[in-house]
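This report looks at how the chain is divided and at two backbone positions with unusual torsion angles.

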Amino acid sequence: MPNWCWGYIELKGKPKDVENFCKLFVFEDEVDKDDSKKGQKYFARSFVHQNWKDFKKEYFGDITTEKEWDISFNVDFAWSCWSCLFEGYPDDWKECVTLKWAIKKYNVNVKIETEEGGMGFEEKIITRNKKPTYDSFDMPKHICQKCGNEQMIASSYDLEDVECYECGEYSFVDELTEIVKEKLEKIKGKK
Ligand SMILES: [Zn+2]
């Protein structure tokens, strides 16, 4: 079993292009059938937890425009987005494509944010000049104000909603920082 890397993807482009791009992911109804993607291009080890039919209906069912369209959804990557969408599979798996290939092919603007709690990293991918740019960094650590426990917390979380593994309190928000923030907001409000 791989470590799962949880991803959130935002796509923008012409509806048909975005749809074709989405089809590159592995959908729930395709997971069990090893060769269901045979002969088709696809993203290695990148899973959407929905059947393609339902996904298509939900995201593209009501579209009547040809103009640019944007959608967002979750994708789970095995190990990392880097290993799935940038490295892809080794050469002998000709069907597997990279993000670079897909962006060029479908002219879609892509933004991906991931978090991997096991190894403790996050990734950020954006599209610039029709090419994906990649960045990865350590998941930030925060200190519990009640017990001093240091804990990794993904950037996408609201600190006040995170429970401390050690003491069970919700005390990762530094009170002093909060007071300063509130004061600053008040000052801004007065202007
Ligand atoms: Zn604590």
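In this predicted model, the centres of domain 1 and domain 2, taken over C-alpha atoms, are separated by 33 Å. Domain 1 covers residues 4–139 of the protein chain, and domain 2 covers residues 142–190. Contact between the two involves 6 residues of domain 1 and 4 residues of domain 2. On the domain 1 side, the residues touching domain 2 divide by class into 1 nonpolar, 2 polar and 3 charged.

Two residues deserve a separate look for their backbone angles. Arg45 is not a glycine, yet its phi is positive, at about 50°. Asn107 is likewise a residue other than glycine with a positive phi, near 50°.

| Residue | Phi | Loop | Other C-beta atoms within 10 Å |
|---|---|---|---|
| Arg45 | about 50° | between helix 2 (28–31) and strand 3 (46–48) | 20 |
| Asn107 | near 50° | between helix 5 (99–106) and strand 5 (109–116) | 13 |

Arg45 lies in the loop that runs between helix 2 (28–31) and strand 3 (46–48). Is Arg45 buried or exposed? Arg45 is buried, because 20 other C-beta atoms lie within 10 Å and the cut-off for buried is 20 or more.

Asn107 sits in the loop between helix 5 (99–106) and strand 5 (109–116). With 13 other C-beta atoms within 10 Å, Asn107 is partly exposed, since a residue counts as exposed at 12 or fewer and as buried at 20 or more.

Terms used:
Residues numbered from 1 in each chain as written. Predicted model: local features only at pLDDT ≥ 70, side-chain atom pairs only at ≥ 80, totals over all residues. Helix = DSSP H or I, 4+ residues; strand = E, 2+ residues; numbered from the N terminus. Domains from an automatic or database assignment. Contact = placed C-beta atoms within 7 Å. Nonpolar A, V, L, I, M, F, W, Y, C, P; charged D, E, K, R; others polar.
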